[in-house]
Amino acid sequence: EKVWTTLKNNLSPQTSVTSADQEGKAVLQITYNVTDEQVLSVTSSAEYCEQYVAYACRMSRLLNTPG
């Protein structure tokens with residue numbers, strides 16, 4: 001039997017990025033609702049971990065692709 005543990009963070013399901021630095025980079029600070037020690041405890045005892053991040057944009061370049 002599998003058990004799933006979900007750690008919540010401070011971001012809404014769709015977080016808009018409205019500005020970037022001079023190099024065109026934008027950074028979001030993700031804060032989880034648990035301590036670093038709790039994250040380490042969960043991840044070190046887990047068989048498998050994943051974090052899902054989605055990127056959606058209009059008229060933007062992803063990963064420095066040409067054009």
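## Val39 and its contacts

Set aside the neighbours within four places in sequence, and Val39 is in contact with Leu7 and Val34. This is a predicted model, by the way. Val39 has its place in helix α1. Leu7 sits 32 residues away from Val39 along the chain, yet their C-alpha atoms are separated by 8.2 Å.

Is Val39 buried or exposed, or something in between? With a relative accessible area of 24%, Val39 ends up partly exposed, because the buried class is kept for values under 20%.

## The chain as a whole

So what does the secondary structure come to? Just one helix and zero strands. That helix is α1, covering 36-45.

The chain has 67 residues, and buried ones make up 0% of them. As for the accessible surface, the chain's total is about 7100 Å². Carbon and sulfur atoms account for 50% of that surface.

## Gln51, after the helix

Moving past the helix, Gln51 lies in the segment after α1. Its relative accessibility is 52%, so Gln51 counts as exposed; the cut-off for that class is over 50%.

Which residues does Gln51 touch, once those up to four places away in sequence are not counted? They are Ile30 and Tyr32. With Tyr32 there is also a polar contact, side chain to side chain, at 3.0 Å. Then there's Thr6: 45 residues apart from Gln51 in sequence, but 9.8 Å apart in space, going C-alpha to C-alpha.

## Tyr48, in the segment after α1

Tyr48 is also found in the segment after α1. At 55% relative accessibility, this tyrosine counts as exposed. Where does its side chain find a polar partner? The side chain of Glu50 makes a polar contact with that of Tyr48, at 3.0 Å.

Tyr48 can be placed relative to the start of the chain, too. Trp4 is 44 residues away from Tyr48 along the chain, and 9.8 Å separates the two C-alpha atoms.

## The salt bridge

How many salt bridges does the structure hold? One. The partners are Glu23 and Lys25, with their closest N and O atoms 3.2 Å apart. In general, side chains of opposite charge can pair when their charged atoms come close.

And are the two residues buried or exposed? Both Glu23 and Lys25 are exposed.

Conventions:
Residues are numbered from 1 along each chain as its sequence is written. This is a predicted model: local features need pLDDT of at least 70, side-chain atom pairs count only at pLDDT 80 or more; totals for chains, interfaces and linings use all residues. Side-chain values use heavy atoms; hydrogens and water are left out. Helices (H or I, at least four residues) and strands (E, at least two) are DSSP runs, numbered from the N terminus. Buried means under 20% relative accessible area, exposed over 50%, partly exposed in between (1.4 Å probe, protein chains only). Accessible areas come from the Shrake-Rupley method with a 1.4 Å probe; for residues, only the protein chains shown count as cover. Contact means heavy atoms within 4.5 Å. A polar contact is a pair of N or O atoms within 3.5 Å; within protein, one must be able to donate a hydrogen and the other to accept it, and residues adjacent in sequence count only if both atoms are side-chain atoms. A salt bridge is a side-chain nitrogen of Lys or Arg within 4 Å of a carboxyl oxygen of Asp or Glu.
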